[in-house]
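I opened a new notebook page for this one. My plan is to go from the inside outwards, then pick through the sheets and the odd spots.

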Amino acid sequence: MAIVDYYGRLVLVNRHQPRPAGVTVLPTIDVGVKNIQCYRCGQVTPKTVAALPNGEFYCPHCINLGRVSTLCKFYHVPEANQFTVTEPVLTWHGKLSPLQSQAAVTVASRMTAHRKQLLWAVTGAGKTEMIFPGIAQALARGERLAVASPRVDVCLELYPRLRAAFANTEMALLHGRAERPYHYAQLTVCTTHQLLRFYHAFDNLIIDEVDAFPYAANPLLFFASQQAVKESGGQLFLTATPGAHLLKAVRRHQLAVAYLPLRYHGHLLPSIHCHLVPRWRQQLLHHQLPSGLIRTMQVALRSGHRFLLFVPHVRDLAGIAQACCSYFPAHLFTTVHASDPQRLVKVQGMRDHQYQFLITTSILERGVTFPEIDVLVLGADDQVFSTAALVQIAGRAGRSASRPEGHVDFWISSYCRRVNQAVHQIAYMNTKGRRCQGAVPAV
Ligand SMILES: [Zn+2]
């Protein structure tokens with residue numbers, strides 16, 4: 001390995017391997033009286049669980065990135081920022097809206113100051129473009145950056161966009177199934193798991209979809225993200241649905257926050273309308289749907305508005321589809337779920353207007369855009385739907401400038417905290433959005 005390949009990293013090697021010149025050795029595991037602690041992922045394990053033969057120990061928590069044990073050591077070289085900056089750094093020629101520009105300036109100045117910050121941008125706000133100026137300035141300063149996400153599909157979507165926007169910058173894409181091995185690059189796009197392999201590497205670390213599984217409430221990934229940043233480094237969290245721990249950090253002034261409460265087209269988020277239907281599951285046993293749901297579907301179909309009908313579980317799909325067949329025999333629709341082999345074909349079919357509606361589980365909660373649709377959720381109070389998922393689901397409506405209003409209706413057996421919080425989060429951003437609309441005209 002070349003010396004640059006150790007910059008800012010924890011490279012796992014056998015403890016008997018001779019140390020190359022210029023490389024620092026770091027320990028792998030702290031062995032205590034009852035427990036061991038892993039220096040790569042920070043997790044504590046009882047010695048009885050972590051024991052290997054001959055009095056050695058390993059960490060079971062981060063084993064999918066290669067086994068850290070007392071039989072190994074880490075090679076590390078402090079990050080040297082050995083980059084050549086080629087102008088122009090930013091090769092993106094799009095234009096930000098006045099509101100996007102405002103948020104972009106705030107984010108960039110906090111990145112310059114290496115602060116910890118949150119960009120709370122509503123679904124469909126165009127948040128990726130808003131971080132381009134901040135990234136461009138940091139790269140021009142010679143900083144090393146990473147854009148990480150808990151979801152590999154987000155990384156795969158971000159990488160080509162960042163490649164195009166920073167065409168003169170050396171970039172790396174790292175995830176569990178990546179084809180190209182690790183190489184030293186000024187801008188790294190990776191899953192949050194891959195951050196475990198870095199140590200004080202990045203001057204600024206950006207984490208996209210920070211609320212998404214499995215980063216939220218995962219102490220291992222949280223530790224990884226803290227350790228991957230230089231001690232003097234900055235962090236930027238991007239989300240449309242910040243969880244309780246981020247909001248708490250904002251309230252305690254540990255995290256600076258910038259808001260983007262309007263969508264790229266300058267309109268507010270559609271509000272959620274809740275309808276109580278305590279007996280919908282019993283009705284479904286008799287192949288019936290709540291009358292309010294049927295009316296809403298009729299109105300949408302009559303007005304030519306297509307929609308997604310979200311339901312809690314895969315097992316709910318068949319019964320609801322059967323009921324829809326009898327209520328709407330003349331209309332084209334289908335069901336889709338995560339392990340449906342026809343999933344991609346059906347989603348494409350919806351894009352191509354082959355269907356008037358799709359009945360779906362929460363797999364379509366984010367990352368999918370169908371213009372001009374409404375959103376209906378039956379059983380929104382089911383515990384499979386987190387607050388973040390409900391806000392994301394509601395955010396499928398009204399995404400296009402051609403029909404920015406969209407309708408969002410939830411049918412629930414009873415009010416619950418998750419539904420209330422989703423309604424409240426959207427109302428909160430809309431209050432902020434109305435203030436901005438006074439200052440910036442909608443397109
Ligand atoms: Zn570990």
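**Entry 1: the core.** Before looking anything up, I wrote down what I mean by a nonpolar core: a set of buried Ala, Val, Leu, Ile, Met, Phe, Trp, Tyr and Cys residues joined through C-beta atoms within 7 Å. For "buried" I need 20 or more other C-beta atoms within 10 Å of a residue's own. I also noted that I'm working from a predicted model.

Which residues touch the most other members of the largest nonpolar core? I found Val 375 and Ala 394, in a core of 113 residues. Helix α12, residues 387-394, gives this core its largest share, six residues. I then listed what Ala 394 touches, leaving out residues up to four places away in sequence: Pro 270, Ile 272, Val 375, Val 408, Ala 422 and Ile 426. So Val 375 turns up again, as one of the residues that Ala 394 touches. As background, I jotted down that nonpolar side chains tend to be buried together in soluble globular proteins.

**Entry 2: the whole thing.** I stepped back for the overall numbers. I have 13 helices and 19 strands to keep track of. The C-alpha atoms fill a box of roughly 75 × 55 × 40 Å along the principal axes. I checked the radius of gyration too: it is 24 Å, which agrees with the value near 22 Å that a compact globule of 443 residues would have. Buried residues come to 42% of the 443. For contacts with a separation of 6 or more, I see that 75% are between residues 24 or more positions apart.

How is the protein divided into domains? My note reads: domain 1 is 3-76, domain 2 is 98-260 and domain 3 is 272-439. The centres of domain 1 and domain 3 are 47 Å apart, taken over C-alpha atoms.

**Entry 3: two small sheets.** I started with the open sheet of three strands in the order β1-β6-β2, which pair antiparallel. β1 (11-14) and β2 (24-26) are the edge strands with a single partner each, so each has one side without a neighbour in the sheet. Neighbouring strands here are turned by 45° against each other on average, direction ignored. I followed β1 along β6 (residues 72-76) and found four bridges, with the two running antiparallel. In that pairing Val 11 stands opposite Tyr 75 of β6.

Next I took the open sheet β3-β4-β5, again three strands with antiparallel pairing. Its edges are β3 (29-31) and β5 (44-46), each pairing on one side only. The average turn between neighbouring strands of this sheet is 25°, direction ignored. Three bridges hold the antiparallel pairing of β3 with β4 (residues 35-38), and I marked Asp 30 opposite Gln 37 in β4.

**Entry 4: strand β11.** Why do I call β11 largely enclosed by the rest of the structure? Six of its six residues are buried, so the word fits. I looked at its partners next. β8 (residues 145-149) pairs with β11 in the parallel sense over four bridges, and β12 (residues 229-239) runs parallel to β11 with five bridges. Asn 204 in β11 is a handy marker: it is the bridge partner of Leu 145, and Gly 234 in β12 is its bridge partner too.

**Entry 5: backbone oddities.** I reminded myself that most residues other than glycine have a negative phi, and most peptide bonds are trans. Then I went looking for exceptions.

Where is there a cis peptide bond? I found one joining Glu 87 and Pro 88, with omega about -5°. Pro 88 is in the loop between β6 and α2 (98-112).

His 114 has a positive phi, near 55°. I placed His 114 in the loop between α2 and β7 (116-121). Its count is 18 other C-beta atoms within 10 Å, so I wrote it down as partly exposed.

His 200 also went on the list, with a positive phi near 50°. The loop between β10 (187-191) and β11 (202-207) holds His 200. With 17 other C-beta atoms within 10 Å, His 200 is partly exposed.

Terms used: Residues numbered from 1 in each chain as written. Predicted model: local features only at pLDDT ≥ 70, side-chain atom pairs only at ≥ 80, totals over all residues. Pairing = 2+ DSSP bridges. Axes fitted to C-alpha atoms, helices over the stretch in contact; angles between N-to-C directions. Buried ≥ 20, exposed ≤ 12 C-beta atoms within 10 Å, placed from the backbone. Contact = placed C-beta atoms within 7 Å. Rg over C-alpha atoms; globule rule 2.2 N^0.38 Å. Domains from an automatic or database assignment.
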